[in-house]
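Trainee: I would like to go through the surroundings of a ligand and see how each term is justified.

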Amino acid sequence: MAYVDEYPRAAKIARWEFGVAFLALALGGVFGLVQALYRTDTFREALPINAADYYTILTGHGVLLALVFTTFSIAALFTWATTRSLERPLASNRLAWGAFWLLVIGTVLAATSILNGFVPQLPFESSDVLFTFYAPMQAHPAFYLGAALIIIGSWVAGAVYFLTYWEWRKDNPGERIPLQTFMVLTTFLMWYLATLGVAVEVVVFLIPWSLGLIDTVDPLLTRTLFWFFGHPVVYFWLLPAYLVWYTVLPKLAGGRLFSDPLARAVFVLFLLLSTPVGFHHQYVDPGIPEGFKFVSMTNTMMLLLPSLLTAFTVVASLEHGARQRGGGGYVGWLRSLPWDRPAFSGCALAGLMFAAGGFSGMINAGMNINYLIHNTLWVPGHFHLTVGTAFALTIMAIAYWLIPQITGKRLQHRRLAMVQPYVWFVGMTLMSNAMHRAGLAGLPRRTAEPMFQEAGSAPFDPVVGTVGEMRLQIAIGSTLLFVALAMFLVVMFGTWLGKSGAAPLAVNGSIPDPLSGPEGSPRVLDNLKVWTAIAVVLVALAYGLPIWSIISDGLLTPGSPPIPV
Ligand code: HAS
Ligand code: CU
């Protein structure tokens, strides 16, 4: 039976979650194009914005895409994955809708306070604080309240997956947790632990400060609490993509997952190691002992392991699929993969780009090399390959497969869908490559001014190419990305609004068993209590002393009053 007929209520929730996610994607995408053209000084005079608007648009772009598009699409994907793999409806539809509305209200509050910078008729004073909202830049309380509601909404969404799992457990004592549910639960355990940092930052410090209840905050303490959450949040985005690469991609390639236990071990490693690494975003911050930065670097390098294991397992599964389809040779099998199916090609291209994004991440993580690239355009180059492609392109690709299942409608505009992932891939190759190189030449991030001329005189010039070429690549790349986004939205809304019922389901939502199942693997892998306890201890070791020293130092200093943005 089709998913939408079997679980109509969960399908409806997932549809609405995807719907909001794609609206945020559309608006965030327009902002992306505008800021790229402005920043590269391409048709700058024709754009209806000035330098101050640039920061409004940059904040809107970051918040709508990195916080709103991600959270809503993760909720939709996990709703589908939990019900599908446990073979039962959600434990509480009411709670799931509650989560949805908390997320919507949070988004509306944060978005209106940002867009006020652009449309002053909107309520709430402007909040151009960028998506990391560092103090002492101060936003309107509505912005922080919105952020808090988005976090709380995500907590409630996660609670529904746990409740559904516990119900299943009562009926199935002693059984191994189905793989997709295992991935959903470990991701959320990591998320609950990670969001404690930002929850304390926002509720204890930023909201009272923006309401005028306290005069000053300690910028170092709030930054540290932010990055406590700010690194693991990137795995909150990555792990849903991994869920798709492990459980759906092998099937799309015509094969089966290579190893279920290896996939479980990978998710456990993320639960353990994602949080005690946040200081790698603060290598240049004074006031944090160097030794703790070094520990954070070491942990980060260990955190490469689960992604390298993933590269191995997923590629092995794809090779299996290709050989099933008649492919042969050492690399010749690559030709036998279904490159004309957008769900497959989108995920595979997202994986390929992530390999490059992972390498730039390794460079970021080196304490000494980080000084070269920190706060340069290299960093946006890195994260457009990771969250901007590994996550975003995977969600778009899987939507081609999933939306027909949760709407019961046939995918429309198939040809457009077929080329869309390739347009994204080419656009991102151009944009991100030039951003990395411009960063090496010293071009700063987060400035409205082009500054390519200054970068052109940097000593790296011969290595990174000419200034004009970098600018052009970024402008052309971002335009292609915008075109790809528009293509995706045309396919989605065309499908959504298309005729229902009559067309047979184009896709088969079942997922074949892995080549090596969980039976032979140690049961302790499924003991989520043990892994959570170890994760808590590791976080306490990594953060206890530094946070204590920042607080005790902070007691002697007055902190910072807000600075206007
Ligand atoms: Fe990062 C900054 C280090 C991964 C996102 N990162 C950022 C920022 C964002 C971000 C948004 O150490 C900017 C924050 C800001 O605004 O200031 N990052 C890393 C490291 C990894 C990493 C070590 N980042 C991510 C992921 C993100 C993300 C994932 C989002 C989803 N990052 C840093 C550091 C900074 C940083 C520093 C601070 C820089 C600074 O100074 O400000 C690792 O997790 C990467 C490991 C990945 C690999 C790749 C494995 C390859 C795979 C591909 C398999 C292939 C397939 C396809 C499936 C080792 C899994 C096969 C297809 C066929 C056809 C065969
Ligand atoms: Cu990080």
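Mentor: Helix 8 (232–247), helix 12 (304–324), helix 13 (342–365) and helix 15 (378–407) each give at least two residues to the shell around ligand 1. The model is predicted, so local features need pLDDT of at least 70 and side-chain atom pairs pLDDT 80 or more, while totals for chains, interfaces and linings use all residues. Residues are numbered from 1 along each chain as written, chains are lettered from A and ligands numbered from 1 in written order, and side-chain values use heavy atoms, without hydrogens and water.

Trainee: What makes a stretch a helix, and which helix gives the most to the shell around ligand 1?

Mentor: A helix is a DSSP run of H or I with at least four residues, numbered from the N terminus. Helix 13 gives the most, 10 residues.

Trainee: Why is the pair between Tyr235 and ligand 1 called a polar contact?

Mentor: A polar contact is a pair of N or O atoms within 3.5 Å. A side-chain N or O atom of Tyr235 is 2.5 Å from an oxygen atom of ligand 1, so the pair qualifies. For His374, a polar side-chain atom is 2.5 Å from an oxygen atom of ligand 1.

Trainee: What makes His382 a donor to the iron atom of ligand 1?

Mentor: Donors are N, O and S atoms within 2.8 Å of the metal (3.2 Å for Na, K and Ca); water is not among the atoms, so sites may look incomplete. NE2 of His382 is 2.2 Å from the iron and therefore counts, as the single donor from the protein. His382 is located in helix 15.

Methods: Polar contact = N/O pair within 3.5 Å; in protein donor to acceptor, adjacent residues only side chain to side chain.
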